[in-house]
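Student: I would like to understand how the descriptive words used for a protein model are justified. Could we go through some of them together?

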Amino acid sequence: MSNGPIEESLLPDTADLRADGVSVGGVDLRQLASTFGTPLFVYDEATLRARCREAASSFDDGVAFASKSFLCGAMARLALDEGLCVDVATGGELDIVLRSGVPASRVIMHGNNKSADEVTRAIEVGVHRLVVDNFEEIERLGALVDAQHPANVLVRVTPGVEAHTHEYVRTGQEDSKFGFSVATGDAREAITQLRAIAGLTVHGVHAHIGSQIFEFDGFRESIAVLGEFTRHDDFDELCVGGGLGVAYVEGESAPSIREWADAIRISVRAAGLPGGLRLLAEPGRAIVAQAGVTIYTVGVVKPVTQRTYMAVDGGMSDNPRPVLYGSGYEAFDVDRPLEARPQEVRLVGKHCESGDVLIDEAYLPRETNSGSLVATPVTGAYGYSMASNYNRVPRPAVVFVRDGAAREVLRRETFDDLARLEVSG
Ligand SMILES: *Cc1c(COP(=O)(O)O)cnc(C)c1O
């Protein structure tokens, strides 16, 4: 199965695969590569908007897009347009989002180690919700917040639940750097301290148990703990975080945002939580992953004894997920999307690391060779946002496509950009 043509369901919603090419958002991928160069991140606006709308209509007002999965001004505005708040976790993310024109009243601020400056700015601009993570932060808030400078907060708690996912992206267990433990009584103590600060309103608790989760058991267990914990608090919100998984490779399938929300509502009722509670979440990956495709140009093709290495003009600097998590991807030839893919290669990047592998066993058409355009689907999440300049490789451009038109939302970095931090003389 793996060497049949690429599975269309991995591509963005508007992808059109023909014998001689692929278009997304009505724009030919080969055309995009020739206009903007490679590597290139291409996002289908229709897919982004549809997923945002699905999240906005499945949860209650205040549901947010987790911007760390992919952030630029255009993306922040798109999420706002489609009815979502925007989640940030650092001063840098907050700054980009505010610069983009998203009002602070639609921003949610996270962070397990917010600096004094970060907390101060979040309170000054008046973010919609600050998600409080630790006792040091409560002390800071005590000094900053009063009746003239009010703040609205959620309390990040660790429900003591092990999500079924990679240990690096598991966050709900007791042994975690995030949040206050329910089991030890810290979460209760935090709520008591926060409620003693005049001008500060505690709207509820927040838990985020991990990422790339396909099964709802972890969410169910977490909500059961939170239901028990907040039974007598009279809160008006509950945020279950993000974490919904997506299919990256053939044969995988993931629940939709709507199915996830339905399962959460059932768990909330089962936990005996009040019906009027605003039910919130913060999907990142589920909104942006499948909307994005990365196009590369194949350079060196090197057969060795055991296999063939096919090197592209990017690699771990634009997609570190295979290196970080051992994540799998598929590949297709932009000029031959309907052909079988009998050629097995190891798709690697141009960085000076043996570990710079994009796809350990990639399948491509027999004709794919040096000069071919190869694309990897489902690269919209945690690719550009985790991109680096390792080996001083400039970061790729990002284009949004829609209704037959492409617009560049982030330009390709230049060598001048790379040199801009050098302090001379
Ligand atoms: C990372 C993160 C998210 C988004 O996670 P996804 O798996 O991309 O949906 C949401 N909330 C918090 C607090 C996070 O840390």
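The dialogue below takes a few descriptive words and sets the values behind them against their definitions.

Tutor: Please keep in mind from the start that this is a predicted model.

Student: Why is Gln212 called buried?

Tutor: Buried means under 20% relative accessible area, and Gln212 has a relative accessible area of 14%, so Gln212 counts as buried. This residue is found in the loop between strand E11 (200–206) and helix H8 (217–230), and its phi is near 55°, a positive value in a residue other than glycine.

Student: Is Asp234 buried or exposed, and how do you know?

Tutor: Exposed means over 50%, and Asp234 stands at 75% relative accessibility, so Asp234 counts as exposed. Asp234 has a positive phi of about 60° although it is not a glycine, and its place is in the loop between H8 and strand E12 (237–239).

Student: What makes the pair of Phe41 and Tyr384 edge-to-face?

Tutor: By the pairing rule, the count comes to eight aromatic pairs. In one of them, the rings of Phe41 and Tyr384 have their centres 5.6 Å apart, which is within 6.5 Å, and their planes are at 80°, which is over 60, so the pair is edge-to-face.

Student: Why is this pair said to tie together parts that are 343 residues apart in sequence?

Tutor: Phe41 lies in strand E4, whereas Tyr384 lies in the loop between strand E19 (373–377) and strand E20 (397–402), so the contact of their rings ties those parts together. Phe41, at 1% relative accessibility, counts as buried because the limit is under 20%, and Tyr384, with a relative accessible area of 14%, is buried by that limit too.

Student: Why is the pair of Tyr43 and Phe400 called tilted?

Tutor: The centres of these rings are 5.8 Å apart, within 6.5 Å, and the planes stand at 55°, which is neither under 30 degrees nor over 60, so the pair of Tyr43 and Phe400 is tilted. Tyr43 lies in strand E4 and Phe400 in strand E20, so this pair ties together parts that are 357 residues apart in sequence. Both Tyr43 and Phe400 are buried, and ring pairs link Tyr43, Phe70 and Phe400 into a cluster.

Student: How do you know that Arg188 lies over the face of Phe229?

Tutor: Arg188 is at 4.4 Å from the ring centre of Phe229, and the distance limit is within 6 Å. The rule also asks for a place within 35 degrees of the ring normal, and Arg188 does lie over the face of Phe229.

Conventions:
Residues are numbered from 1 along each chain as its sequence is written. This is a predicted model: local features need pLDDT of at least 70, side-chain atom pairs count only at pLDDT 80 or more; totals for chains, interfaces and linings use all residues. Side-chain values use heavy atoms; hydrogens and water are left out. Helices (H or I, at least four residues) and strands (E, at least two) are DSSP runs, numbered from the N terminus. Buried means under 20% relative accessible area, exposed over 50%, partly exposed in between (1.4 Å probe, protein chains only). Rings of Phe, Tyr and Trp (its six-membered ring) pair if their centres lie within 6.5 Å; planes under 30 degrees apart count as stacked, over 60 as edge-to-face and the rest as tilted.
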